[in-house]
2 protein chains.
Amino acid sequence: MAVNRRIGAESSATRAALMDAVEAVMREDGYAALTARRVAERAGLKHQLVFYYFENMDELLLATYRRHISHYRDTMEEALRSDRPLHAFWAVNSNARDAVLNVEFLAMSNHNEVVRAETVRFGEEFRNMGLEHIALPIGGAGQEKEPLSPKAVMMVINFVGSLLGLETAIGISGAHPEIRALVDWCVDELEPTPVGG
Amino acid sequence: MAVNRRIGAESSATRAALMDAVEAVMREDGYAALTARRVAERAGLKHQLVFYYFENMDELLLATYRRHISHYRDTMEEALRSDRPLHAFWAVNSNARDAVLNVEFLAMSNHNEVVRAETVRFGEEFRNMGLEHIALPIGGAGQEKEPLSPKAVMMVINFVGSLLGLETAIGISGAHPEIRALVDWCVDELEPTPVGG
DNA sequence: GTCTATACACCGATAGAC
DNA sequence: GTCTATCGGTGTATAGAC
(Lines give C-alpha, C1' and ligand atoms only; values in the text may rest on other atoms or scores of the structure.)
Protein backbone atom coordinates (compact mmCIF):
# COMPACT_ATOMS: atom_id res chain seq x y z
CA MET A 1 0.00 0.00 0.00
CA ALA A 2 2.38 2.67 1.23
CA VAL A 3 5.14 3.82 -1.04
CA ASN A 4 8.88 3.53 -0.43
CA ARG A 5 9.51 7.23 -0.68
CA ARG A 6 9.45 10.44 1.37
CA ILE A 7 6.05 12.20 1.49
CA GLY A 8 5.71 15.91 2.35
CA ALA A 9 3.71 17.25 5.29
CA GLU A 10 -0.03 17.84 4.94
CA SER A 11 0.33 21.36 6.30
CA SER A 12 2.59 22.43 3.44
CA ALA A 13 1.57 25.48 1.42
CA THR A 14 3.01 23.85 -1.70
CA ARG A 15 0.74 20.88 -1.16
CA ALA A 16 -2.27 23.21 -1.01
CA ALA A 17 -1.06 25.00 -4.13
CA LEU A 18 -1.09 21.70 -6.00
CA MET A 19 -4.69 21.09 -4.97
CA ASP A 20 -5.61 24.63 -6.07
CA ALA A 21 -4.02 23.85 -9.41
CA VAL A 22 -6.06 20.65 -9.75
CA GLU A 23 -9.27 22.65 -9.36
CA ALA A 24 -8.09 25.29 -11.81
CA VAL A 25 -7.18 22.76 -14.49
CA MET A 26 -10.48 20.92 -13.97
CA ARG A 27 -12.47 24.11 -14.37
CA GLU A 28 -10.55 25.27 -17.41
CA ASP A 29 -9.86 22.08 -19.33
CA GLY A 30 -11.89 19.31 -17.69
CA TYR A 31 -10.78 16.38 -15.60
CA ALA A 32 -9.24 14.54 -18.55
CA ALA A 33 -6.54 17.22 -18.66
CA LEU A 34 -5.39 16.37 -15.14
CA THR A 35 -1.82 15.14 -15.40
CA ALA A 36 0.98 15.59 -12.91
CA ARG A 37 2.88 17.76 -15.37
CA ARG A 38 -0.01 20.09 -16.18
CA VAL A 39 -1.06 20.47 -12.55
CA ALA A 40 2.48 21.27 -11.45
CA GLU A 41 2.99 23.69 -14.31
CA ARG A 42 -0.25 25.49 -13.33
CA ALA A 43 1.17 25.85 -9.81
CA GLY A 44 4.54 27.01 -11.12
CA LEU A 45 6.28 23.89 -9.85
CA LYS A 46 8.19 20.92 -11.26
CA HIS A 47 6.02 17.88 -11.91
CA GLN A 48 8.13 15.62 -9.73
CA LEU A 49 6.93 17.58 -6.68
CA VAL A 50 3.50 16.03 -7.14
CA PHE A 51 5.05 12.71 -6.13
CA TYR A 52 6.81 14.25 -3.17
CA TYR A 53 3.52 15.47 -1.69
CA PHE A 54 1.26 12.64 -2.85
CA GLU A 55 1.78 8.91 -3.24
CA ASN A 56 0.29 9.01 -6.72
CA MET A 57 -2.13 10.95 -8.90
CA ASP A 58 -5.19 9.30 -7.37
CA GLU A 59 -4.14 10.51 -3.93
CA LEU A 60 -3.81 14.06 -5.23
CA LEU A 61 -7.26 13.91 -6.85
CA LEU A 62 -8.84 12.34 -3.78
CA ALA A 63 -7.31 14.93 -1.43
CA THR A 64 -8.55 17.73 -3.67
CA TYR A 65 -11.99 16.17 -3.91
CA ARG A 66 -12.23 15.79 -0.13
CA ARG A 67 -11.21 19.40 0.38
CA HIS A 68 -13.83 20.50 -2.15
CA ILE A 69 -16.52 18.38 -0.50
CA SER A 70 -15.59 19.78 2.91
CA HIS A 71 -15.95 23.34 1.66
CA TYR A 72 -19.19 22.49 -0.12
CA ARG A 73 -20.61 20.84 3.02
CA ASP A 74 -19.78 23.90 5.13
CA THR A 75 -21.45 26.25 2.66
CA MET A 76 -24.50 24.01 2.52
CA GLU A 77 -24.86 23.69 6.27
CA GLU A 78 -24.67 27.43 6.70
CA ALA A 79 -27.33 27.91 4.02
CA LEU A 80 -29.64 25.36 5.59
CA ARG A 81 -29.44 27.13 8.96
CA SER A 82 -30.79 30.35 7.43
CA ASP A 83 -34.33 31.78 7.64
CA ARG A 84 -35.41 30.25 4.36
CA PRO A 85 -33.28 27.11 3.98
CA LEU A 86 -34.81 26.00 0.69
CA HIS A 87 -34.19 29.39 -0.91
CA ALA A 88 -30.65 29.42 0.43
CA PHE A 89 -30.09 25.86 -0.79
CA TRP A 90 -31.15 26.88 -4.30
CA ALA A 91 -28.89 29.94 -4.16
CA VAL A 92 -25.88 27.79 -3.26
CA ASN A 93 -26.63 25.08 -5.82
CA SER A 94 -27.24 27.49 -8.68
CA ASN A 95 -23.72 28.89 -8.25
CA ALA A 96 -21.95 28.04 -11.49
CA ARG A 97 -18.45 27.96 -9.99
CA ASP A 98 -19.13 25.09 -7.61
CA ALA A 99 -21.50 23.36 -10.03
CA VAL A 100 -18.82 22.87 -12.67
CA LEU A 101 -16.47 21.22 -10.19
CA ASN A 102 -19.27 19.05 -8.84
CA VAL A 103 -20.21 17.77 -12.28
CA GLU A 104 -16.57 17.26 -13.28
CA PHE A 105 -15.97 15.11 -10.20
CA LEU A 106 -19.23 13.29 -10.93
CA ALA A 107 -18.14 12.59 -14.51
CA MET A 108 -14.67 11.60 -13.29
CA SER A 109 -16.33 9.06 -10.99
CA ASN A 110 -17.46 7.14 -14.04
CA HIS A 111 -13.91 5.98 -14.75
CA ASN A 112 -11.87 6.55 -11.58
CA GLU A 113 -12.57 3.94 -8.92
CA VAL A 114 -11.06 5.93 -6.04
CA VAL A 115 -13.07 9.05 -6.84
CA ARG A 116 -16.17 6.94 -7.52
CA ALA A 117 -16.10 5.49 -4.00
CA GLU A 118 -15.87 8.98 -2.50
CA THR A 119 -18.73 10.22 -4.71
CA VAL A 120 -20.99 7.37 -3.64
CA ARG A 121 -20.15 8.01 0.01
CA PHE A 122 -20.77 11.75 -0.17
CA GLY A 123 -23.81 11.24 -2.39
CA GLU A 124 -25.53 9.35 0.39
CA GLU A 125 -24.42 11.90 3.00
CA PHE A 126 -25.64 14.75 0.82
CA ARG A 127 -29.13 13.24 0.57
CA ASN A 128 -29.58 13.44 4.32
CA MET A 129 -28.05 16.86 4.87
CA GLY A 130 -30.23 19.41 6.60
CA LEU A 131 -33.45 17.49 6.12
CA GLU A 132 -34.49 18.53 9.62
CA HIS A 133 -34.48 22.16 8.49
CA ILE A 134 -36.37 21.51 5.26
CA ALA A 135 -39.05 19.03 6.26
CA LEU A 136 -41.33 21.53 7.97
CA PRO A 137 -41.69 24.30 5.38
CA ILE A 138 -42.44 21.83 2.61
CA GLY A 139 -44.88 19.87 4.73
CA GLY A 140 -46.49 23.18 5.60
CA ALA A 141 -47.23 23.95 1.97
CA GLY A 142 -49.77 21.12 1.97
CA GLN A 143 -49.89 19.14 -1.25
CA GLU A 144 -53.26 17.55 -1.92
CA LYS A 145 -52.49 14.45 -3.98
CA GLU A 146 -49.07 13.11 -3.14
CA PRO A 147 -46.53 13.98 -0.46
CA LEU A 148 -43.59 15.92 -1.83
CA SER A 149 -40.47 14.33 -0.41
CA PRO A 150 -38.09 17.05 0.88
CA LYS A 151 -35.21 14.83 -0.15
CA ALA A 152 -36.51 14.62 -3.71
CA VAL A 153 -37.12 18.37 -3.92
CA MET A 154 -33.58 19.11 -2.76
CA MET A 155 -32.06 16.66 -5.20
CA VAL A 156 -34.02 18.12 -8.11
CA ILE A 157 -32.82 21.59 -7.13
CA ASN A 158 -29.26 20.28 -6.97
CA PHE A 159 -29.60 18.54 -10.36
CA VAL A 160 -31.00 21.63 -12.06
CA GLY A 161 -28.36 23.88 -10.53
CA SER A 162 -25.56 21.52 -11.53
CA LEU A 163 -26.52 21.25 -15.17
CA LEU A 164 -27.32 24.96 -15.42
CA GLY A 165 -23.79 25.62 -14.20
CA LEU A 166 -22.21 23.15 -16.59
CA GLU A 167 -24.18 24.53 -19.55
CA THR A 168 -23.12 28.03 -18.62
CA ALA A 169 -19.49 26.93 -18.58
CA ILE A 170 -19.89 25.31 -21.98
CA GLY A 171 -21.53 28.40 -23.45
CA ILE A 172 -25.21 27.44 -23.56
CA SER A 173 -27.57 30.00 -22.07
CA GLY A 174 -30.84 29.35 -23.92
CA ALA A 175 -33.90 28.93 -21.69
CA HIS A 176 -31.80 29.55 -18.57
CA PRO A 177 -33.91 32.56 -17.45
CA GLU A 178 -37.09 30.50 -17.87
CA ILE A 179 -35.59 27.58 -15.95
CA ARG A 180 -34.44 29.83 -13.10
CA ALA A 181 -37.88 31.48 -13.01
CA LEU A 182 -39.51 28.07 -12.78
CA VAL A 183 -37.35 26.94 -9.88
CA ASP A 184 -37.74 30.32 -8.17
CA TRP A 185 -41.50 29.96 -8.46
CA CYS A 186 -41.49 26.41 -7.08
CA VAL A 187 -39.24 27.38 -4.20
CA ASP A 188 -41.50 30.34 -3.37
CA GLU A 189 -44.53 28.06 -3.39
CA LEU A 190 -42.90 25.47 -1.17
CA GLU A 191 -41.37 27.98 1.23
CA PRO A 192 -43.50 31.13 1.32
CA THR A 193 -42.33 34.45 2.73
CA PRO A 194 -42.55 34.29 6.53
CA VAL A 195 -45.48 36.30 7.94
CA GLY A 196 -43.08 38.36 10.00
CA GLY A 197 -40.91 39.21 6.94
CA MET B 1 -7.46 20.67 -43.23
CA ALA B 2 -7.69 17.39 -45.08
CA VAL B 3 -5.12 14.76 -44.35
CA ASN B 4 -2.66 13.21 -46.80
CA ARG B 5 -3.86 9.66 -46.31
CA ARG B 6 -6.50 7.22 -47.51
CA ILE B 7 -9.82 7.43 -45.59
CA GLY B 8 -12.32 4.53 -45.57
CA ALA B 9 -15.88 4.79 -46.87
CA GLU B 10 -18.64 6.08 -44.57
CA SER B 11 -20.78 3.06 -45.40
CA SER B 12 -18.24 0.62 -43.95
CA ALA B 13 -19.41 -1.76 -41.25
CA THR B 14 -16.01 -1.51 -39.57
CA ARG B 15 -16.45 2.25 -39.34
CA ALA B 16 -19.79 1.74 -37.60
CA ALA B 17 -18.21 -0.84 -35.28
CA LEU B 18 -15.66 1.77 -34.19
CA MET B 19 -18.46 4.21 -33.35
CA ASP B 20 -20.26 1.46 -31.40
CA ALA B 21 -17.05 0.90 -29.48
CA VAL B 22 -16.77 4.61 -28.66
CA GLU B 23 -20.22 4.53 -27.07
CA ALA B 24 -19.43 1.33 -25.18
CA VAL B 25 -16.18 2.70 -23.74
CA MET B 26 -17.88 5.98 -22.78
CA ARG B 27 -20.66 4.15 -20.98
CA GLU B 28 -18.34 1.77 -19.17
CA ASP B 29 -15.31 3.89 -18.37
CA GLY B 30 -16.19 7.50 -19.13
CA TYR B 31 -15.03 9.81 -21.88
CA ALA B 32 -11.52 10.14 -20.52
CA ALA B 33 -10.92 6.48 -21.37
CA LEU B 34 -11.47 7.19 -25.07
CA THR B 35 -8.20 6.47 -26.82
CA ALA B 36 -7.64 5.02 -30.25
CA ARG B 37 -6.13 1.88 -28.74
CA ARG B 38 -8.97 1.21 -26.29
CA VAL B 39 -11.72 1.93 -28.80
CA ALA B 40 -10.15 -0.35 -31.40
CA GLU B 41 -9.51 -3.08 -28.85
CA ARG B 42 -13.19 -2.90 -27.78
CA ALA B 43 -14.15 -3.42 -31.44
CA GLY B 44 -11.65 -6.26 -31.84
CA LEU B 45 -9.53 -4.27 -34.28
CA LYS B 46 -6.01 -2.86 -34.47
CA HIS B 47 -5.73 0.73 -33.29
CA GLN B 48 -4.27 1.94 -36.55
CA LEU B 49 -7.61 1.27 -38.26
CA VAL B 50 -9.06 4.23 -36.39
CA PHE B 51 -6.88 6.43 -38.56
CA TYR B 52 -7.90 4.65 -41.73
CA TYR B 53 -11.58 5.43 -41.13
CA PHE B 54 -11.21 8.82 -39.43
CA GLU B 55 -8.82 11.72 -39.95
CA ASN B 56 -8.15 11.89 -36.22
CA MET B 57 -9.70 11.10 -32.83
CA ASP B 58 -11.85 14.25 -32.84
CA GLU B 59 -13.45 13.18 -36.11
CA LEU B 60 -14.28 9.78 -34.62
CA LEU B 61 -15.82 11.38 -31.53
CA LEU B 62 -17.75 13.93 -33.58
CA ALA B 63 -19.13 11.29 -35.95
CA THR B 64 -20.22 9.17 -33.00
CA TYR B 65 -21.77 12.18 -31.29
CA ARG B 66 -23.71 13.14 -34.43
CA ARG B 67 -25.00 9.61 -34.82
CA HIS B 68 -26.08 9.59 -31.18
CA ILE B 69 -27.81 12.96 -31.52
CA SER B 70 -29.61 11.78 -34.64
CA HIS B 71 -30.93 8.72 -32.86
CA TYR B 72 -31.87 10.76 -29.80
CA ARG B 73 -33.72 13.32 -31.95
CA ASP B 74 -35.73 10.58 -33.69
CA THR B 75 -36.72 8.99 -30.37
CA MET B 76 -37.71 12.38 -29.00
CA GLU B 77 -39.80 13.39 -31.98
CA GLU B 78 -41.67 10.11 -31.86
CA ALA B 79 -42.34 10.57 -28.16
CA LEU B 80 -43.58 14.12 -28.63
CA ARG B 81 -46.10 12.99 -31.25
CA SER B 82 -47.75 10.61 -28.76
CA ASP B 83 -51.00 11.07 -26.83
CA ARG B 84 -49.28 12.45 -23.77
CA PRO B 85 -46.11 14.11 -25.04
CA LEU B 86 -44.89 15.30 -21.66
CA HIS B 87 -45.19 11.84 -20.15
CA ALA B 88 -43.46 10.33 -23.16
CA PHE B 89 -40.72 12.98 -22.98
CA TRP B 90 -40.08 12.07 -19.35
CA ALA B 91 -40.03 8.37 -20.21
CA VAL B 92 -37.37 8.93 -22.89
CA ASN B 93 -35.26 11.26 -20.76
CA SER B 94 -35.32 9.04 -17.69
CA ASN B 95 -33.81 6.20 -19.69
CA ALA B 96 -30.43 5.63 -18.08
CA ARG B 97 -28.79 4.25 -21.20
CA ASP B 98 -29.18 7.42 -23.27
CA ALA B 99 -28.77 9.71 -20.26
CA VAL B 100 -25.28 8.50 -19.48
CA LEU B 101 -24.10 9.16 -23.02
CA ASN B 102 -25.74 12.60 -23.00
CA VAL B 103 -24.00 13.64 -19.81
CA GLU B 104 -20.66 12.17 -20.89
CA PHE B 105 -20.79 14.17 -24.12
CA LEU B 106 -21.85 17.23 -22.11
CA ALA B 107 -18.90 16.80 -19.75
CA MET B 108 -16.58 16.16 -22.68
CA SER B 109 -17.75 19.46 -24.18
CA ASN B 110 -16.08 21.26 -21.31
CA HIS B 111 -12.65 20.50 -22.71
CA ASN B 112 -13.08 19.39 -26.32
CA GLU B 113 -13.67 22.30 -28.66
CA VAL B 114 -15.05 20.24 -31.55
CA VAL B 115 -17.57 18.43 -29.35
CA ARG B 116 -18.40 21.68 -27.55
CA ALA B 117 -19.49 23.38 -30.78
CA GLU B 118 -21.80 20.48 -31.60
CA THR B 119 -23.25 20.50 -28.07
CA VAL B 120 -24.03 24.20 -28.24
CA ARG B 121 -25.67 23.75 -31.65
CA PHE B 122 -27.80 20.80 -30.58
CA GLY B 123 -28.53 22.40 -27.21
CA GLU B 124 -30.30 25.27 -28.93
CA GLU B 125 -32.13 22.90 -31.30
CA PHE B 126 -33.20 20.70 -28.38
CA ARG B 127 -34.77 23.65 -26.57
CA ASN B 128 -37.20 24.23 -29.40
CA MET B 129 -38.04 20.61 -30.13
CA GLY B 130 -41.70 19.68 -30.01
CA LEU B 131 -42.78 22.83 -28.20
CA GLU B 132 -45.89 22.94 -30.39
CA HIS B 133 -47.00 19.63 -28.89
CA ILE B 134 -46.29 20.61 -25.30
CA ALA B 135 -47.52 24.19 -25.07
CA LEU B 136 -51.24 23.35 -24.91
CA PRO B 137 -51.40 20.73 -22.15
CA ILE B 138 -49.29 22.83 -19.81
CA GLY B 139 -51.21 25.99 -20.55
CA GLY B 140 -54.37 23.98 -19.94
CA ALA B 141 -53.33 23.12 -16.41
CA GLY B 142 -53.73 26.77 -15.46
CA GLN B 143 -51.13 28.08 -13.05
CA GLU B 144 -52.34 30.95 -10.90
CA LYS B 145 -49.24 32.98 -10.06
CA GLU B 146 -46.67 32.64 -12.77
CA PRO B 147 -46.74 31.09 -16.24
CA LEU B 148 -44.88 27.81 -16.38
CA SER B 149 -42.71 27.94 -19.47
CA PRO B 150 -43.03 24.65 -21.41
CA LYS B 151 -39.40 25.07 -22.42
CA ALA B 152 -38.31 25.33 -18.80
CA VAL B 153 -40.41 22.34 -17.74
CA MET B 154 -38.91 20.19 -20.47
CA MET B 155 -35.36 21.25 -19.64
CA VAL B 156 -35.87 20.47 -15.96
CA ILE B 157 -37.19 17.04 -16.89
CA ASN B 158 -34.18 16.51 -19.11
CA PHE B 159 -31.76 17.67 -16.39
CA VAL B 160 -33.27 15.39 -13.76
CA GLY B 161 -33.33 12.41 -16.11
CA SER B 162 -29.73 13.01 -17.13
CA LEU B 163 -28.28 13.14 -13.64
CA LEU B 164 -30.47 10.25 -12.45
CA GLY B 165 -28.94 8.22 -15.27
CA LEU B 166 -25.39 9.27 -14.48
CA GLU B 167 -25.83 8.54 -10.78
CA THR B 168 -27.24 5.14 -11.60
CA ALA B 169 -24.21 4.39 -13.74
CA ILE B 170 -21.89 5.46 -10.92
CA GLY B 171 -23.73 3.33 -8.38
CA ILE B 172 -25.80 5.90 -6.46
CA SER B 173 -29.46 5.00 -6.06
CA GLY B 174 -30.46 6.83 -2.87
CA ALA B 175 -33.60 8.97 -3.14
CA HIS B 176 -34.09 7.91 -6.76
CA PRO B 177 -37.57 6.47 -6.12
CA GLU B 178 -38.60 9.69 -4.37
CA ILE B 179 -37.21 11.81 -7.20
CA ARG B 180 -39.00 9.74 -9.83
CA ALA B 181 -42.23 9.94 -7.82
CA LEU B 182 -41.87 13.72 -7.65
CA VAL B 183 -41.40 14.11 -11.38
CA ASP B 184 -44.18 11.60 -12.08
CA TRP B 185 -46.49 13.63 -9.87
CA CYS B 186 -45.56 16.94 -11.55
CA VAL B 187 -45.99 15.47 -15.01
CA ASP B 188 -49.41 14.09 -14.04
CA GLU B 189 -50.45 17.49 -12.73
CA LEU B 190 -49.28 19.31 -15.84
CA GLU B 191 -50.70 16.77 -18.27
CA PRO B 192 -53.72 15.03 -16.73
CA THR B 193 -55.24 11.83 -18.06
CA PRO B 194 -57.37 12.67 -21.11
CA VAL B 195 -61.13 12.47 -20.39
CA GLY B 196 -61.52 9.88 -23.13
CA GLY B 197 -58.79 7.66 -21.63
C1' DG C 1 -8.99 -3.10 -46.07
C1' DT C 2 -5.93 -4.63 -42.64
C1' DC C 3 -1.47 -5.47 -41.23
C1' DT C 4 3.64 -4.44 -39.22
C1' DA C 5 6.75 -1.13 -38.12
C1' DT C 6 7.85 3.12 -36.55
C1' DA C 7 8.06 8.32 -35.29
C1' DC C 8 7.84 11.24 -31.51
C1' DA C 9 5.36 13.47 -27.48
C1' DC C 10 3.71 12.91 -23.05
C1' DC C 11 2.46 10.07 -19.19
C1' DG C 12 3.25 8.32 -14.03
C1' DA C 13 6.69 7.24 -11.18
C1' DT C 14 11.42 6.57 -9.01
C1' DA C 15 16.46 7.44 -7.66
C1' DG C 16 19.55 10.22 -5.96
C1' DA C 17 22.19 14.84 -5.88
C1' DC C 18 22.00 19.17 -3.54
C1' DG D 1 12.12 20.62 -0.04
C1' DT D 2 13.35 20.98 -4.68
C1' DC D 3 16.17 19.73 -8.27
C1' DT D 4 18.19 16.72 -12.55
C1' DA D 5 18.06 12.55 -14.78
C1' DT D 6 15.86 8.68 -16.24
C1' DC D 7 12.71 4.51 -16.83
C1' DG D 8 9.01 1.94 -19.17
C1' DG D 9 4.46 2.60 -20.88
C1' DT D 10 1.03 4.61 -23.68
C1' DG D 11 -0.78 8.26 -26.58
C1' DT D 12 -1.72 10.09 -31.69
C1' DA D 13 -0.45 9.61 -36.08
C1' DT D 14 2.02 8.10 -40.45
C1' DA D 15 4.38 5.01 -44.06
C1' DG D 16 4.33 1.28 -46.55
C1' DA D 17 3.88 -4.01 -47.17
C1' DC D 18 0.41 -7.35 -48.30
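This passage describes how two protein chains meet two DNA strands in a predicted model, and how three helices of chain B pack. Residues are numbered from 1 along each chain as its sequence is written, while chains are lettered from A and ligands numbered from 1 in the order in which they are written. Because the model is predicted, local features need pLDDT of at least 70 and side-chain atom pairs count only at pLDDT 80 or more, whereas totals for chains, interfaces and linings use all residues; side-chain values use heavy atoms, with hydrogens and water left out.

We may begin with DNA strand C. Around this strand lie 21 residues, of which A:R5, A:A36, A:R37, B:Q48 and B:Y53 come nearest (a residue is near a strand if one of its heavy atoms lies within 4 Å of it). Sugar or phosphate accounts for 51% of the strand C atoms within 4 Å of the protein, and bases for the rest. Two backbone contacts reach phosphate oxygens of DNA strand C: a polar backbone atom of A:A36 at 2.8 Å, and one of A:M57 at 2.9 Å. A base nitrogen of the strand, in turn, is 3.2 Å from an N or O atom in the side chain of A:H47. Such polar contacts are pairs of N or O atoms within 3.5 Å; within protein, one must be able to donate a hydrogen and the other to accept it, and residues adjacent in sequence count only if both atoms are side-chain atoms. The elements giving two or more residues to this surface are α2 (36–42) of chain A and α3 (50–53) of chain B, and α2(A) gives the most, with 3 residues. Helices here are DSSP runs (H or I, at least four residues), numbered from the N terminus. By class, the surface near DNA strand C has 8 nonpolar, 7 polar and 6 charged residues; Ala, Val, Leu, Ile, Met, Phe, Trp, Tyr, Cys and Pro count as nonpolar, Asp, Glu, Lys and Arg as charged, and the others, Gly among them, as polar.

Turning to DNA strand D, 19 residues surround the strand, and A:Y52, A:Y53, B:R5, B:A36 and B:R37 come nearest. Of the strand D atoms within 4 Å of the protein, 49% are from sugar or phosphate and the rest from bases. A backbone N or O atom of B:A36 lies 2.9 Å from a phosphate oxygen of DNA strand D. Side-chain N or O atoms approach base nitrogens of this strand at 2.6 Å from B:R37 and at 3.4 Å from B:H47. Here α3 (50–53) of chain A and α2 (36–42) of chain B are the elements that give two or more residues. The surface near DNA strand D comprises 7 nonpolar, 7 polar and 5 charged residues.

Within chain B, helix α4 (residues 57–80) packs with helix α7 (residues 113–127) at about 15°, with axes 10 Å apart. The two are therefore roughly parallel (angles under 35 degrees). Axes are lines fitted to C-alpha atoms, for helices over the stretch in contact, and angles run from 0 to 180 degrees between N-to-C directions. Helix α5 (residues 85–93) of chain B also partners α4(B), the axes coming within 8 Å and crossing at roughly 150°. This makes α4(B) roughly antiparallel to α5(B) (over 145 degrees). Their contact (heavy atoms within 4.5 Å) brings B:Y72, B:T75, B:M76, B:A79 and B:L80 of α4(B) to residues including B:F89 of α5(B).

Notes: Parallel < 35°, antiparallel > 145°, perpendicular 65-115°, else oblique.
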